Amino acid sequence: MPTPTRLRDLIRQIRAARTAAEERSVVNKECAYIRSTFREEDSVWRCRNIAKLLYIHMLGYPAHFGQLECLKLIASPRFTDKRVGYLGAMLLLDERQDVHLLITNCLKNDLNSNTQFVVGLALCTLGAIASPEMARDLASEVERLIKSPNAYIKKKAALCAFRIIRRVPDLMEMFLPATRSLLTEKNHGVLITGVTLITEMCENSPDTLNHFKKIVPNLVRILKNLILAGYSPEHDVSGISDPFLQVKILRLLRILGKNDAEASEAMNDILAQVATNTETSKNVGNTILYETVLSIMDIKSESSLRVLAINILGRFLLNNDKNIRYVALNTLLRTVHVDTSAVQRHRTTILECLKDPDVSIRRRAMELSFALMNSQNIRGMMKELLVFLERAEAECRAHCSSAMVLAAERYAPSSKWHLDTLFRLLLKAGNYLRDDTVSSTIQIISAAPAERQAYAAMRLWTSLERSAVSGDATEKQPLVQVAAWTIGEYGDLLVSEASSAISMVDEDGFDEFTRPSEEYVIDIYQKLLWSTQLSITTKEYLLLSLAKLSTRFTTRPSQDKIRVIIDTFGSHIHIELQQRGVELSQLYRQYAHLRPALLERMPAMEAPAGERDDSDAEGDAPADSPQHRADRPQPDALLDLIIGSEPLSNGDAEHDLPAATAPPPDNNNTTTTNDILDLLSGLDLSSPSVPAPAPLTSSAPATNLLLDGLFSSPAPTQPVSQPETTVTALERNGLRVEFVVCSGGDTATLTMRALSTARSALTDFLFQAAVPRTFRLDMMSPSGTVLTPQGEITQVLKVTNPSRTPLRLRIRVSYNIEGSPVLEQAEVNNFPPDLFN
């Protein structure tokens, strides 16, 4: 048989191929030749043929027919054959194929070889392809080699043990005695592999973690020697002695010192030395400092040491390398809850990062800015974030504006500032605002004093007029909706002479308000209503607002103009607008005597539980965000569906809901209902049913807010609050869910508070609850869906219990943390026995 092509010649041929078809032709031709040599048992060129086959495998072509030939090379006594054979075994075999079991005996023989390089090859292959069975068979050989006097074999054996423990954690105890002795070695390679092996053991077993806490002084001594050691060309990297070993030791110290005051005390001094003596001009030094910061923030370190760590991250923020700045922001975001005051010192630098050209840095800076907000710095930070919002990317604006709404609600120093901030957000965020921002802003204006309502109408009129004139109202439809509602309610205050007495000077010292005439206001409305770009929802706001202005404006020309515009909508192509136009037109004809009463000013809307007081007093505001159940179905609607349905059996039921409480259709309705039924499966639903109380009318969608109060009496006065009790419902993985219980006869109010001590934010947070058949449960909307570290989400539940039996509640909490979904369930039955007395 002719001499086969060399590997380098095959590579040249493949690279010279001009098309994929030509490349496949070369590969197929070579594979056919290799197969023929395998059939003829050509042992002379087997090593060369396997090397070429491995290259072909790396290109993505099938090469499984070479597996048995690799085994023949491994059995060869020549080192060059073994090297290629073991490489082929690592690339072509894995534990899912039975063929790999055939090399167990070859591995055992080579592990006992007198040549250290053959032993090294066997250890590498065992670590790469070992199945649980193979690992158990050869673990004793690996444990013996860890005790070998040869440093080369020792480090290879330690790495092999590391892979075996990952695959079969039960074998960990076998390696414990030999592992501790690795830290006494002088060879840095052995030290690194030993520290890596101990780290893996400590992460997998709490008992092993306690066992290795005794080695903290040894690790401190090794790290100190590395810092104080002079120049060593063998280990020096950019002037730093073996940074790889330093990083490994710092990572192990972080694991050993977590939640252990004694171990943390032993490593405080060395961490301070590393933090102060490491050179930061090179990336190597920054790597060590980064690991030092993580260790300081994870262990029970001294407060001065934590301040030092945060100052290091502050220096990182000034670095020219964008990767280092990103790492600093990311780490500060994870550690801000540990020492907020120290991070606050770098607030100016963090706000400067909002102007960085790199989008990932800007986003991290934005998230960190929200984490740093409090009642003292809210004014300055909100101003910077408003500037950032103007030039933020479209996909970032929704999250930013939503977080700004929640922050303004929580930390607003006064109601006037709160309103001004919401108006600026409506102006700058445009259509990227969350739907519930419109309803929450309207509620705040509704509950404000008369002077503040006039101020809101004047401020919003200025923005509405500017948007209508400039033609950009289409991009700011939430602003148009809030402005339409406000002007419709308080239009008489807008055009009255009393408006000149109200100061309209903003924070920049400008007063852009000019009192409009009634006709001019109607002209602006007409221009907006005639726009073809505005949504139907926005036009519904404008049309009903215009009808309300007919009872606010007094001149005859304005009345006639409003009537003409409304009559025009009686023949509108859109059925909803046409219906409103026809109905409102009747208020000028058949029911003219009812128009002033029907379109009178709405009473103050009821704020959600925990809403901030409408005063100008300085102080923190509660974290709850006023939200209305609007536009999208919520889990509480499904719970109402279940509780109001026929008796359940094993989660199967027919659901009939009265028309007054029927939720809007949703493609995911069936799936969500099944989820809630599954949640209910552990509760006893077979108790005798009692007549359910009359279904409560659900909150109106945001699109119908203007109709609220047309045909209803003013809201009843709030009942006197009852004593509150806190009941812990769930506490897992840094998440704590508790209920603040307020009793009151047949109906009890439970305020769910979710608090997080996790390092990362919990996104897509969803709280669900279910009660037995004899109860009725109404759930308000939550204050948010993103739970930040040390943050809080609240949600109000109202439980009606006519039979006054003890309450049992089953809850389900789902969220995403760092991209991984988490689902937690619990049953709560420790409520006060007199909850419904």
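Visitor: What share of the 837 residues in the protein is buried?
Guide: Keep in mind that this is a predicted model. A residue goes into the buried group when its relative accessible area is under 20%. Of the 837 residues here, the buried ones make up 51%.

Visitor: And how much surface does the protein expose, and what share do carbon and sulfur atoms supply?
Guide: The exposed area comes to about 38,500 Å². As for the part supplied by carbon and sulfur atoms, that is 50%.

Visitor: How many helices and strands should I look for?
Guide: You'll be following plenty of numbered elements as we go. The tally for the protein is 34 helices and 10 strands.

Visitor: Among contacts between residues at least 6 apart in sequence, what share joins residues at least 24 apart?
Guide: Start with the contacts in the protein whose two residues sit at least 6 apart in sequence. Of those, the share joining residues at least 24 apart is 69%.

Visitor: Let's zoom in on helix α5. How does its span agree with what its 14 residues should give?
Guide: Helix α5 covers residues 79-92, and at 1.5 Å a residue it should span 20 Å. The C-alpha atoms at its ends agree with that, being apart by 20 Å.

Visitor: Which helices do the buried residues of α5 pack against?
Guide: The buried residues of α5 include Asp81, Val84, Tyr86 and Leu92. Glycines are on that list too, namely Gly85 and Gly88. The buried set packs against α3 (46-58), α4 (67-74), α6 (104-111) and α7.

Visitor: Then take Leu123, in helix α7. Is it buried or exposed?
Guide: Helix α7 runs over residues 116-129, and Leu123 is found there. Its relative accessibility is 2%, and the cut-off for buried is under 20%. So Leu123 counts as buried.

Visitor: Which residues is Leu123 in contact with, leaving aside its neighbours within four places in sequence?
Guide: For a sense of the surroundings, Leu159 is 36 residues from Leu123 in sequence, while their C-alpha atoms are 8.4 Å apart in space. Once neighbours within four places are set aside, the residues in contact with Leu123 are Leu111, Val142, Leu145, Ile153, Lys156, Ala157 and Cys160.

Visitor: What about helix α14: how many of its 15 residues are buried?
Guide: Helix α14 takes in residues 243-257, and its end C-alpha atoms are 21 Å apart, in agreement with the 21 Å it should span. Among its buried residues are Pro243, Gln246, Arg254 and Gly257. After the helix comes Asn259, with a positive phi near 60°. The helix is mostly covered, the buried count being 12 of 15.

Visitor: How many salt bridges are there in the whole structure?
Guide: A salt bridge takes a Lys or Arg side-chain nitrogen within 4 Å of an Asp or Glu carboxyl oxygen. Searching the whole structure for such pairs gives 44.

Visitor: Asp356 forms one of them with Arg325. How many residues apart in sequence are the parts this pair ties together?
Guide: The closest N and O atoms of Asp356 and Arg325 are 2.8 Å apart. Asp356 lies in the loop between α20 (347-352) and α21 (359-372), whereas Arg325 belongs to helix α18 (residues 322-335), so the separation of the tied parts in sequence is 31 residues. Asp356 is buried at 9% relative accessibility. Arg325 is also classed as buried, its relative accessible area being 12%.

Visitor: The answer I need is the 31 residues, then. Which residue forms a salt bridge with Glu489?
Guide: Glu489 has a partner whose closest N and O atoms are 2.3 Å apart from it. Glu489 sits in helix α27 (residues 477-495) and the partner in helix α29 (residues 536-552), so the pair ties together parts 59 residues apart in sequence. Both residues are buried. The partner is Lys548.

Visitor: Last stop, the open sheet of three strands. In what order do they come?
Guide: The pairing in this sheet is antiparallel. The edge strands are β6 (762-770) and β10 (820-828), each pairing on one side only. Strand β9 (residues 809-817) is joined to β6 by seven bridges, with Asn816 in β9 as the bridge partner of Thr763. The order is β6-β9-β10.

Terms used. Residues are numbered from 1 along each chain as its sequence is written. This is a predicted model: local features need pLDDT of at least 70, side-chain atom pairs count only at pLDDT 80 or more; totals for chains, interfaces and linings use all residues. Side-chain values use heavy atoms; hydrogens and water are left out. Helices (H or I, at least four residues) and strands (E, at least two) are DSSP runs, numbered from the N terminus. Buried means under 20% relative accessible area, exposed over 50%, partly exposed in between (1.4 Å probe, protein chains only). Contact means heavy atoms within 4.5 Å. Two strands pair if DSSP finds at least two bridges between them. The expected span of a helix is 1.5 Å times one less than its number of residues. Accessible areas come from the Shrake-Rupley method with a 1.4 Å probe; for residues, only the protein chains shown count as cover.
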